[in-house]
Amino acid sequence: MRQVRWASWLVGLAMALAVSGVRPVAADVTSDRAAAILDWPTVIFAEESFFDALPLVGINTVIQLSNTSNTAVHAHCFYENANPHCTNTGEICYAAEECCDPMTGCGLCLPGWNETDFRVQLTPFQPLGWLASDGLSGFSTVSPNKAFGKFPIDGKSNFGLDGSSNAGSRIPGVPEEPFLGSLRCIAVDEDGFPVDRNVLKGEATLGFFFDSPTPGGDFINVGKSNAVGIQAIEGQVNDDNVLVLGGPEPEYNGCPNILILNHFFDFAEDPVIDDGSQIFTILNLVPCTEDYLRQVPGGTVVQYLVYNEFENRFSTSRPFQCNQFSTLSSIDTTQPLRSIWSAGVSGTLTGQTRIHPINGGVLAVAHELHDEAGIADFNVHFQGDREDPDFIVLP
């Protein structure tokens, strides 16, 4: 089998971005039950021109959003753009040297955050799916000459139960290419006020597209994970624009107190494919707290306790804001081989990391990258919920 080191691009991207009182109860965040708030921590879109000489010719994300109830529901959704940009040119960057221009000189490559919101109405028991690059029903800012797919129940020729439809809905494509960010959707009524309806379910599928010089040799690798859900507390959601997650007077269940990730250590040799292939894990964190009204991203300090197979313990901490998309071995150092998540430092192939946010909750998804075997996306485990509340402020 032809060896394809396709994972090196995503590892490199993650490394570049990385450089730039507890109640003993089960966590109330869920990835396998319907909820009133859904979060997809990883949404990626990049085209062929971004990958230079690599055989990888594109990455796109298929987003699925479903209504699990027998009545229609509205969702207010927010794409959160975490791309860094050059201060002098405004171009997307992943390293400081990309911000040097003969005309404008050198600028800084700074992390950014902005959101693009939209609303969608789901008919009873309706699943919807769309490509992050395209959206549904409209025209893309990335590919302005390309028409989107159409909503299947348009309210003109097709209707759902009780005359329901997707009329008035619009799902845009992501605002720029390449795009690295997340998506959050909240159950609301027809006037846009939040409601205590735990009826939304979602999934995300990352698709990696490859080109082969051999005719018919093109292929795709995919990884799939569930959206992370936060359930509303029946009768507690009011009609203001501040959603209270956890704490003493909650409207929604609290975010996790501890997140638990079981993983291979980075640079571990793949035990299944004996050809020197290495395994890397990307951890994607997003904050529970977001202020969409004032355009202020959430952030927190995260403590990490790392255990190897002999239960030797390592620890570190790191602040982040908006979105942390990083290989494990880039969290604590700019020299990944010296990281506490490096297999050479930990001394074992696998381990466990316990993630404890200090002053604000976080949600997470992980991506395990194998050169030959593909990608495995998975949700992390949760333990307990935070004593202090998190807040989502709607516009």
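An open sheet of five strands runs through this predicted model, with the strands in the order S21-S20-S23-S16-S26 and antiparallel pairing. Its edges are formed by strand S21, residues 313–321, and strand S26, residues 381–385, each of which pairs on one side only. From one strand to the next, the twist averages 20 degrees.

The sheet can be followed from the S21 edge inward. Strand S20, which spans residues 299–308, is joined to S21 by nine bridges in the antiparallel sense. Within this pair of strands, Val306 lies opposite Phe314 of S21. Strand S20 also holds Val302, a residue whose relative accessible area is 0% and which is therefore buried. The surroundings of Val302 can be described through its contacts beyond four places in sequence: these are Leu285, Thr316, Ser317, Arg318, Phe320, Ile355, His356, Pro357 and Val362. The C-alpha atoms of Val302 and Gly360 are 8.9 Å apart in space, although 58 residues separate the two in sequence.

Further along the order comes strand S16, residues 256–264. Eight of its nine residues are buried, so the strand is largely enclosed by the rest of the structure. Strand S16 has strand S23, residues 350–357, as an antiparallel partner over six bridges, and Asn262 stands opposite Gln352 of S23. Strand S16 also pairs with S26, again in the antiparallel sense, over four bridges. Here Ile258 is placed opposite Gln383 of S26. In a regular strand, side chains alternate between the two faces of the sheet.

A further open sheet consists of three strands in the order S15-S27-S19, and its pairing is mixed. Strand S15, residues 242–245, and strand S19, residues 290–291, are at the edges; each has a single partner strand, so one side of each lacks a neighbour in the sheet. The pairing of S19 with strand S27, residues 390–393, is parallel and comprises two bridges. In that pairing, Asp291 stands opposite Val393 of S27.

The description now turns to the nonpolar cores. The largest contains 74 residues, among which Trp40, Trp130 and Leu183 touch the most other members. Strand S11, residues 179–188, makes the greatest contribution to this core, supplying six residues. With residues up to four places away in sequence left out, Trp130 touches Thr61, Val62, Ile63, Leu65, Tyr79, Phe118, Gly135, Leu136, Ile171 and Leu183. Leu183 is thus both a contact of Trp130 and one of the three residues that touch the most other core members. There is also a second, separate core of nine residues, which includes Ile59, Leu180, Leu206 and Phe208.

Two acidic residues illustrate the loop between strand S10 and strand S11. Asp134 is located in this loop, which follows the S10 segment at residues 127–131. Its relative accessible area is 12%, and Asp134 is therefore classed as buried, under the 20% limit. The side chain of Asp134 forms a polar contact of 3.1 Å with the side chain of Ser133.

Glu177 belongs to the loop between S10 and S11 as well. At a relative accessible area of 22%, Glu177 is partly exposed, because this value lies between the 20% and 50% limits. The side chain of Glu177 reaches the backbone nitrogen of Glu47 at 2.8 Å. Glu177 is also 5.9 Å from Ala46 in space, C-alpha to C-alpha, while the two are 131 residues apart in sequence.

Confidence in the prediction varies along the chain. The average pLDDT is 86, and 85% of the residues score at least 70. Over residues 1–6 the pLDDT stays under 50, and the model gives this stretch 26 contacts beyond four places in sequence. Residues 20–27 likewise have a pLDDT below 50, with 16 contacts in the model beyond near neighbours in sequence.

Note on methods: Residues are numbered from 1 along each chain as its sequence is written. This is a predicted model: local features need pLDDT of at least 70, side-chain atom pairs count only at pLDDT 80 or more; totals for chains, interfaces and linings use all residues. Side-chain values use heavy atoms; hydrogens and water are left out. Two strands pair if DSSP finds at least two bridges between them. Axes are lines fitted to C-alpha atoms, for helices over the stretch in contact, and angles run from 0 to 180 degrees between N-to-C directions. A nonpolar core is a set of buried Ala, Val, Leu, Ile, Met, Phe, Trp, Tyr and Cys residues joined through side-chain atoms within 4.5 Å. Buried means under 20% relative accessible area, exposed over 50%, partly exposed in between (1.4 Å probe, protein chains only). Contact means heavy atoms within 4.5 Å. pLDDT is the predictor's confidence in each residue, from 0 to 100. A polar contact is a pair of N or O atoms within 3.5 Å; within protein, one must be able to donate a hydrogen and the other to accept it, and residues adjacent in sequence count only if both atoms are side-chain atoms.
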